[in-house]
Amino acid sequence: MEWRPPTREHQDRLMKSRVALVTGGGSGIGAGVAQELASLGHQVAVLDRVIEAAGEVADQIRASGGTAVAVRADVSDPVEVAQAVDEVTAALGPVGILVNNAGFAKDNMVLDMPLDDWDAVVATHLRGSFLMLKATAPAMREAGWGRIVNISSISALGDDDRVNYVAAKAGLEGFTRAAALDLAPCGITVNAVGPGVVHTGMTTVSAARAGRTLEQHLELQAKTIPVGRIGTPHDIARAVLFFAAEDADFVTGQVIYVSGGPHG
Ligand code: NAD
């Protein structure tokens, strides 16, 4: 096909404003993703189980001239998820971009891991992503356009002392590929971004667990990363924006690791 420079009409289409919902948007990577989506002109729903945190991020976005609302839900609870998505739809319109980011770790050696910690981690990452997809994808199908981006982790490839988290993230990558197949005929793509070490609330918890100060922990971690530094939420957001782009419809069922190197 002959290449032609993009027309004004094409450029306008690429800048289309969508309603984007980011789970776990009240902190860390989710907050960075919400801010980047808003900076492209999308209307953002910041969902978190801590409403004060979601409210702060939504306030920052509005203060910078963007559009944002904050909603509370625990993503593993089907009733709260349905209510939150109804709230977002009433305030901004149907969700076009879903970022399944909410998550946390409860690490332990497999033989010492309590069943409750297994269930809690799997419920948020895996059941939560399923519930959020179920609550938002019907409207995307109706519109004939949708983008779902799941936040996985390089831990999906294997990691010690966190069998619940590794299993949940590996499951999320399988879920991504399977849902991509189901939703491809509806104009909905489903992809995953797998961060390496990113400095967020989660890093503070990991440092404490390893018995190190945050500074010691970050310095040690940086030495293991080929590019020589820890990631930021905005590094991760760049990859999310790629998958969420208006014309990224030929990319689906993929996982991209954003980790400062092939083994970062
Ligand atoms: P964070 O603790 O800074 O933020 C997580 C947010 O999710 C919090 O605001 C929390 O309240 C919310 N949340 C947790 N469980 C929830 C639930 N059930 N329902 C609704 N909200 C919930 O952590 P982060 O590092 O920004 O993590 C974001 C995502 O990135 C997670 O899925 C995590 O597994 C993934 N990740 C993080 C790193 C890292 O190094 N920080 C690396 C790889 C993957």
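Reader: Why does T203 count as buried?

Author: Quick heads-up: this is a predicted model. T203 has a relative accessibility of 5%, and buried means under 20%, so T203 makes the cut. You'll find T203 in helix α7.

Reader: What makes the pair V198 and T203 a polar contact?

Author: Check the distance. The backbone oxygen of V198 is 2.7 Å from a polar atom in the T203 side chain. The cut-off for a polar contact is 3.5 Å, and 2.7 Å is within that.

Reader: What caps the N-terminal end of α7?

Author: That's T200. One of its side-chain oxygens sits 3.0 Å from the backbone nitrogen of M202. After α7 comes G211, with a positive phi near 75°.

Reader: Which residues come nearest to the ligand?

Author: There are 28 residues around the ligand, and S27, D48, N101, Y165 and T200 come nearest. So T200 turns up in two roles, at the ligand and as the cap of α7.

Reader: How do you know that T124 and K169 make polar contacts with the ligand?

Author: Distances again. A nitrogen atom of the ligand is 3.0 Å from an N or O atom in the T124 side chain. For K169, an oxygen atom of the ligand is 3.0 Å from an N or O atom of the side chain. V198 joins in with its backbone: a polar atom there is 2.8 Å from a ligand oxygen. The limit is 3.5 Å, and these values are within it.

Reader: How much of the ligand does the protein cover?

Author: On its own, the ligand has 820 Å² of accessible area, and the protein covers 92% of that. The elements giving two or more residues to the shell are α2 (28-39), α5 (115-143), α6 (163-183) and α7 (201-209). By class, the shell holds 12 nonpolar, 12 polar and four charged residues.

Reader: Why is D48 called buried?

Author: Its relative accessible area is 10%, and the label needs under 20%, so D48 qualifies. D48 lies in strand β2 (residues 43-48). Along the sequence, D48 and N101 are 53 residues apart, while their C-alpha atoms are 9.9 Å apart in space.

Reader: What about V121, buried or exposed?

Author: V121 is at 0% relative accessibility, so it counts as buried. This residue is part of helix α5. The C-alpha atoms of V121 and S76 are 9.8 Å apart, although 45 residues separate the two along the chain.

Reader: Why is D161 called partly exposed?

Author: D161 has a relative accessible area of 37%. Buried needs under 20% and exposed needs over 50%, so D161 falls in between. D161 is in the loop between β5 (146-151) and α6. Its phi is positive, near 60°, and D161 isn't a glycine.

Reader: How do you know that the span of helix α4 agrees with what it should be?

Author: Helix α4 (residues 78-92) has 15 residues, and at 1.5 Å a residue they should span 21 Å. The end C-alpha atoms are 21 Å apart, so the two values agree.

Reader: And what puts the buried residues on the same side of α4?

Author: The buried ones are V81, A84, V85, V88 and L92. They cover an arc of only 95° around the axis, which means they share one side of α4. On the other side, V79, Q83, D86 and A90 are exposed.

Conventions. Residues are numbered from 1 along each chain as its sequence is written. This is a predicted model: local features need pLDDT of at least 70, side-chain atom pairs count only at pLDDT 80 or more; totals for chains, interfaces and linings use all residues. Side-chain values use heavy atoms; hydrogens and water are left out. A residue is near a molecule or strand if one of its heavy atoms lies within 4 Å of it. A polar contact is a pair of N or O atoms within 3.5 Å; within protein, one must be able to donate a hydrogen and the other to accept it, and residues adjacent in sequence count only if both atoms are side-chain atoms. Accessible areas come from the Shrake-Rupley method with a 1.4 Å probe; for residues, only the protein chains shown count as cover. Helices (H or I, at least four residues) and strands (E, at least two) are DSSP runs, numbered from the N terminus. Ala, Val, Leu, Ile, Met, Phe, Trp, Tyr, Cys and Pro count as nonpolar, Asp, Glu, Lys and Arg as charged, and the others, Gly among them, as polar. The expected span of a helix is 1.5 Å times one less than its number of residues. Buried means under 20% relative accessible area, exposed over 50%, partly exposed in between (1.4 Å probe, protein chains only). The arc is that of the directions from the helix axis to the C-beta atoms.
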